[in-house]
Amino acid sequence: MLMLICEYLIVAPSMTRELPEDYVARVKQVHESGGYGSRGYNCEWKREEANKNLLRTHTTAVSSRMLYALAKGPFTPKKYFSIDRVFRNEAVDKTHLAEFHQIEGVVCDRGLTLGDLIGVLQEFFSRLGMSNLRFKPAYNPYTEPSMEIFSYHAGLEKWVEIGNSGMFRPEMLQPMGLPEDVRVIAWGLSLERPTMILYKCDNIRELFGHKVDLKKVKENPICRIGIESA
Ligand SMILES: N[C@@H](Cc1ccccc1)C(=O)O
């Protein structure tokens, strides 16, 4: 498929062609007047806005699709993971890129708690050699509670955000059709920021984009996996 891209909106096709109308009606209803324990935003949910095609700003777009698909059948506990490119209208500096990668994870089961989420994140990062984490309460319109994750960057001499996480809200899950007692813990982590910390890199632009040193890419051991040495 050919996509013409203008900024972050896609020019062609600029509008989505098909949406599940029954789900759209439930989303509109919960945004405008609440439900499932939420008070809603008390303002109009605009179909023209929702129909616009744009490059995803987070991989949670993919997680939502997977949860919606899961809700179609009888519930079984599931885990989903993705690592993919995201696009943001960001000013680029030594810790920000406008295009970067997110490591997304979603675990759905009955009885999951915030403790499970903290445990999974701590285990994941400690296996990479990063056990010095801080969790900060945050706000996401689709998770409650929510936590940003920080780790210390020795070169920059500051704590940098390496991810965001939370438990998906009932007003997001139930309109999809998931059972009321199902809990979903989820996270969206930066790929580049932990790499900066682990490889002692002070400028994120050296890791991705036109400033990448090709010699470094060729000589890095991980890029040689599966390639016979001469
Ligand atoms: N989508 C969030 C990360 C996130 C994923 C899943 C749950 C909560 C938060 C972000 O881009 O920052």
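Trainee: Is Tyr142 buried, partly exposed or exposed?
Mentor: This is a predicted model, so the value is computed from predicted atoms. Buried means under 20% relative accessible area, and exposed means over 50%. Tyr142 has 23% relative accessibility, so Tyr142 counts as partly exposed.

Trainee: Which kind of aromatic pair do Tyr142 and Phe168 form?
Mentor: By the rule for ring centres, the count comes to five aromatic pairs. One of them joins Tyr142 and Phe168, at 6.3 Å centre to centre. Planes under 30 degrees apart count as stacked, and those over 60 as edge-to-face. Here the angle between the planes is 45°, which means the pair is tilted.

Trainee: How many residues apart are Tyr142 and Phe168?
Mentor: The pair links distant parts of the chain. Tyr142 sits in the loop between strand E5 (133-140) and strand E6 (143-153). Phe168 belongs to strand E7 (residues 158-168), and the separation is 26 residues.

Trainee: Does Phe168 count as buried or exposed?
Mentor: The cut-off for buried is under 20% relative accessible area. Phe168 has 6% relative accessibility, so Phe168 is buried.

Trainee: What kind of aromatic pair do Tyr152 and Trp159 form?
Mentor: Their ring centres are 5.6 Å apart. Planes over 60 degrees apart count as edge-to-face. The planes of Tyr152 and Trp159 are 65° apart, so the pair is edge-to-face.

Trainee: Are Tyr152 and Trp159 buried, partly exposed or exposed?
Mentor: Tyr152 has 35% relative accessibility. Trp159 has a relative accessible area of 24%. Both values lie between the cut-offs of 20% and 50%, so each residue counts as partly exposed.

Trainee: Which residues come nearest to the ligand?
Mentor: The ligand has 14 residues around it. By class, this shell has three nonpolar, nine polar and two charged residues. Those that come nearest are His58, Thr60, Arg88, Gln102 and Tyr142.

Trainee: How far is a nitrogen atom of the ligand from an N or O atom in the side chain of Thr60?
Mentor: Several side chains offer polar atoms to the ligand. Arg88 places a side-chain N or O atom 2.9 Å from a ligand oxygen. For Asn164, a polar side-chain atom lies 3.2 Å from an oxygen atom of the ligand. For Thr60 and the ligand nitrogen, the distance is 2.7 Å.

Trainee: What share of the accessible area of the ligand does the protein cover?
Mentor: On its own, the ligand has 330 Å² of accessible area. The protein covers 93%.

Trainee: Which strands each supply at least two residues of the shell around the ligand?
Mentor: The chain has seven helices and eight strands. Those that meet this count are strand E4 (99-110), E7 and strand E8 (182-190).

Trainee: Is Val106 buried or exposed?
Mentor: Val106 is found in strand E4. Its C-alpha atom is 9.8 Å from that of Ser165, 59 residues away along the chain. At 1% relative accessibility, under the 20% cut-off, Val106 counts as buried.

Trainee: Is Arg65 buried or exposed?
Mentor: Arg65 lies in helix H3 (residues 60-71). Its C-alpha atom is 16 Å from that of Lys52, 13 residues apart in sequence. The relative accessible area of Arg65 is 66%, over the 50% cut-off, so Arg65 is exposed.

Trainee: Which residues does the UniProt domain annotation cover?
Mentor: The unreviewed UniProt entry gives "domain: Aminoacyl-transfer RNA synthetases class-II family profile". In the model, this span is 29% helix and 30% strand, with its end C-alpha atoms 37 Å apart. The annotation covers residues 10-221.

Notes. Residues numbered from 1 in each chain as written. Predicted model: local features only at pLDDT ≥ 70, side-chain atom pairs only at ≥ 80, totals over all residues. Heavy atoms only, no water. UniProt positions renumbered as here; feature names shortened; annotations may be inferred. Helix = DSSP H or I, 4+ residues; strand = E, 2+ residues; numbered from the N terminus. Phe/Tyr/Trp six-rings, centres within 6.5 Å; stacked < 30°, edge-to-face > 60°. Buried < 20%, exposed > 50% of the residue type's maximum accessible area, 1.4 Å probe, protein only. Near = heavy atom within 4 Å. Polar contact = N/O pair within 3.5 Å; in protein donor to acceptor, adjacent residues only side chain to side chain. Areas by Shrake-Rupley, 256 points an atom, 1.4 Å probe, with all protein chains shown as cover. Nonpolar A, V, L, I, M, F, W, Y, C, P; charged D, E, K, R; others polar.
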